[in-house]
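The following exercises are meant to be worked with the sequence and the coordinates side by side. Attempt each task before reading its solution.

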Amino acid sequence: MPKRQDILQYCDEVLQTTLFKDYAPNGLQVEGTEQVDKIITAVTASRAAIDCAAAQNAQLLLVHHGMFWKSEPVTITGWKKQRIAKLLAHNINMAGYHLPLDAHPELGNNAQLAQLFDWKVEKRFGEQNLMNIGELPSSQNTLAKLLAAVAEKLGREAMFAGTPEQPLKRIAWCTGGAQGFFQTAIDAGADVYLTGEISEAQYHLANETGVAFVSAGHHATERGGIRALGEALSAQFGVECLFFDEANPA
Ligand SMILES: [Zn+2]
């Protein structure tokens with residue numbers, strides 16, 4: 001049976017975790033058994049994902065959003081106690097890979113989203129190379145067509161700012177809660193910026209610059225990376241790996 005340490009070392013090396021400045025620890029966050037032959041991947045280490053890992057007798061829960069964010073209280077109370085108690089009771093390892101998994105050029109959330117939508121990646125840029133810019137296929141060359149593609153491929157209606165008939169050629173994107181990078185996308189010459197969330201300011205920026213904004217869902221845009229990492233681990237170590245999904249409207 002593969003060792004936890006070997007699996008996590010492989011993740012660290014492939015994702016180059018030491019190169020990133022992050023606001024949660026990358027790698028092992030809660031320690032369980034030393035051997036791993038079944039992995040559950042999930043976007044977030046929610047109670048539902050932990051329950052799934054326990055029910056499946058998995059030894060590793062591998063996620064994009066772990067726990068212990070810098071902005072959170074450091075105390076282990078309430079919902080956080082419940083999550084950790086269940087992990088410990090079942091001897092389940094929980095490991096999280098955050099920004100390194102957004103940015104990876106093949107396994108990353110941004111790369112996987114590009115693959116799903118058939119966007120041609122021109123370059124990665126911006127803060128810690130988390131932004132991508134590239135060309136849209138002709139089937140997505142208006143905002144209305146891009147929104148239809150989002151509905152089809154991510155299974156949800158996107159919120160947007162812009163006019164449906166506006167023509168699009170270049171798209172910038174960053175999965176998750178990256179609405180704060182909209183200006184960087186505008187400066188890079190994108191016709192549209194797609195991310196997971198929208199806030200007040202982006203609506204006005206879109207109206208005043210003519211650059212469209214698409215909010216396609218934080219969870220919905222970040223399913224790809226952790227799934228791809230799990231598949232890579234299956235191939236490398238022969239471990240069983242299942243993806244746990246949640247219908248998260250955010
Ligand atoms: Zn995220």
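## Exercise 1: a buried histidine

With 26 C-beta neighbours inside 10 Å, H64 counts as buried. The model is a predicted one, and the task is to place H64 in its strand and to list its contacts from beyond the local sequence.

Solution. Begin with the secondary structure: H64 belongs to strand β3, which covers residues 60-65. Next, apply the burial criterion, under which 20 or more other C-beta atoms within 10 Å make a residue buried; because H64 has 26 such neighbours, it falls in the buried class. Then set aside the residues up to four places away in sequence, and the contacts of H64 that remain are V43, G96, Y97, H98, L101, E222, G225 and I226. Finally, consult the record, where an unreviewed UniProt entry lists H64 under "binding site".

## Exercise 2: annotated positions along the chain

Which residues does the UniProt annotation "binding site" cover together with H65, and how far apart are their C-alpha atoms at most?

Solution. The unreviewed UniProt entry gives this annotation to H65, D102, H218 and E222. Although they span 158 residues in sequence, no two of their C-alpha atoms are more than 12.0 Å apart, so they gather at one spot.

Two of these positions can be examined individually. H65 lies in strand β3 and is buried, because 21 C-beta neighbours are found inside 10 Å; beyond four places in sequence, H65 touches V43, T44, A45, G96 and H98. H218, by contrast, is placed in helix α9, residues 218-221. With 21 other C-beta atoms within 10 Å, H218 is buried, and, once its neighbours within four places are left aside, H218 is in contact with G176, G177, G196, E197 and A250.

## Exercise 3: two domains and their contact

Describe how the chain is divided into domains, and identify the elements through which domain 1 touches domain 2.

Solution. The domain assignment makes domain 1 from residues 4-100 and 222-243, while domain 2 takes residues 103-221. Taken over C-alpha atoms, the centres of the two domains are separated by 27 Å. To their contact, domain 1 gives 13 residues and domain 2 gives 17 residues. On the side of domain 1, the elements that supply two or more residues are α4 (99-103) and α10 (223-237), and the largest share, six residues, comes from α10. Sorted by class, this side of domain 1 has eight nonpolar, two polar and three charged residues.

## Exercise 4: tracing an open sheet

In what order do the six strands of the open sheet stand, and which of them are the edge strands?

Solution. The order is β5-β6-β8-β9-β10-β7, with mixed pairing. The edges are β5 (120-125) and β7 (159-161), each of which pairs on one side only. On average, and with direction ignored, neighbouring strands of this sheet are turned by 20° against each other.

The individual pairings can now be followed from the β5 edge. β5 and β6 run antiparallel and are joined by five bridges, and V121 has G134 in β6 as its bridge partner. The hairpin of β5 and β6 has five residues between the strands, and there G126 takes a positive phi near 80°. β6 in turn pairs with β8 in the antiparallel sense over four bridges, with W173 in β8 as the bridge partner of N132. The next step, from β8 (residues 170-173) to β9 (residues 192-195), is parallel and is made by three bridges; here A172 stands opposite Y193 in β9.

Two helices complete the picture. Helix α5 (residues 109-117) packs on the sheet, where it touches β5, β6 (131-135) and β8, and its direction makes about 20° with that of β6. Helix α6 (residues 143-154) also packs on the sheet, touching β7, β9 and β10 (212-215), and its direction makes about 10° with that of β10.

## Exercise 5: an alanine in a helix

Is A89 buried or exposed?

Solution. A89 lies in helix α3, residues 78-89. The exposed class requires 12 or fewer other C-beta atoms within 10 Å; because A89 has 9 such neighbours, it counts as exposed. As a further distance check, the C-alpha atoms of A89 and R156, which are 67 residues apart along the chain, are separated by 36 Å.

Note on methods: Residues are numbered from 1 along each chain as its sequence is written. This is a predicted model: local features need pLDDT of at least 70, side-chain atom pairs count only at pLDDT 80 or more; totals for chains, interfaces and linings use all residues. UniProt positions are given in the numbering used here, feature names are shortened, and annotations may be inferred rather than shown by experiment. Two residues are in contact if their C-beta atoms, placed from the backbone, lie within 7 Å. Domain bounds come from an automatic or database domain assignment. Ala, Val, Leu, Ile, Met, Phe, Trp, Tyr, Cys and Pro count as nonpolar, Asp, Glu, Lys and Arg as charged, and the others, Gly among them, as polar. Two strands pair if DSSP finds at least two bridges between them. Axes are lines fitted to C-alpha atoms, for helices over the stretch in contact, and angles run from 0 to 180 degrees between N-to-C directions.
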